[in-house]
Amino acid sequence: MKAPLNEVRLRFLSRSRNEAFIRSAVAAFCAPADPTLEELGDIKTAVSEAVTNCIVHAYPDSLGWIAVRARLFEDGLLELTVRDRGRGIENIAAARAPMFTTGGAERSGMGFTIMESFMDLVRVRSAPGKGTTLTLRRRLHSRETSPARS
């Protein structure tokens, strides 16, 4: 992969209130690529699910750090990396299955399914006791220039 046109890295505590901030920050980072509103909504949803998974599952009884890196490439490829150093995932295949959760009855178990439906690629690397890294990729298609925008 070539060098990105732009990159941002954010690091924040695993507090629920930070999820909305990071979702908005990633959307603002993508804006210069001129994505459609649907693409922005999909990206915000995927980021929200990834960060919420870190908050709920990686650090269920404590605070920890979450790191997000967003990179935008010349061909419109957006790559997001969401990393925690929490408890990790023991069985990645089970965790990716719809309706699987370790978060209790109030959790739907649809986080990975949602991310996979909105992104072109979702890659998960994890080790118990060491944390999890998610890589999310989506090719953005700039809105066509219309007479009203010219």
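**Close-up 1. Ser-48 and the residues it touches.** In this predicted model, Ser-48 makes contact with Glu-19 and Arg-23, leaving aside residues up to four places away in sequence. You'll find Ser-48 in helix 2, which covers residues 37-58. Is Ser-48 buried or exposed? Its relative accessible area is 14%, and since buried means under 20%, Ser-48 counts as buried.

**Close-up 2. Gly-86 in its loop.** Here we're in the stretch that links strand 3 (77-84) to helix 3 (92-96), and Gly-86 is part of that loop. With a relative accessibility of 8%, Gly-86 is buried. So which residues does Gly-86 touch, not counting those up to four places away in sequence? They are Ala-58, Tyr-59, Gly-129, Lys-130 and Gly-131. Take Lys-130: 44 residues separate Lys-130 from Gly-86 in sequence, yet their C-alpha atoms are 6.1 Å apart in space.

**Close-up 3. A positive patch on the surface.** Five residues make up this one: Arg-11, Arg-83, Arg-85, Arg-123 and Arg-125. One of them, Arg-125, belongs to strand 4, which runs over residues 121-127.

**Close-up 4. Stepping back to the whole protein.** The protein has four helices and five strands, and along the sequence they come in the order β-α-α-β-β-α-α-β-β. Out of 150 residues, 43% count as buried. If you take the contacts between residues at least 6 apart in sequence, 66% of them join residues at least 24 apart. As for the outside, the accessible surface adds up to about 8400 Å², and carbon and sulfur atoms account for 52% of that.

Terms used. Residues numbered from 1 in each chain as written. Predicted model: local features only at pLDDT ≥ 70, side-chain atom pairs only at ≥ 80, totals over all residues. Heavy atoms only, no water. Patch = residues over 30% accessible without salt bridge, like charges linked within 9 Å, V, L, I, M, F, W, Y side chains within 5 Å. Areas by Shrake-Rupley, 256 points an atom, 1.4 Å probe, with all protein chains shown as cover. Salt bridge = Lys/Arg side-chain N within 4 Å of Asp/Glu carboxyl O. Lys, Arg positive; Asp, Glu negative; His and termini not counted. Charge placed at Lys NZ, Arg CZ, Asp CG, Glu CD. Helix = DSSP H or I, 4+ residues; strand = E, 2+ residues; numbered from the N terminus. Buried < 20%, exposed > 50% of the residue type's maximum accessible area, 1.4 Å probe, protein only. Contact = heavy atoms within 4.5 Å.
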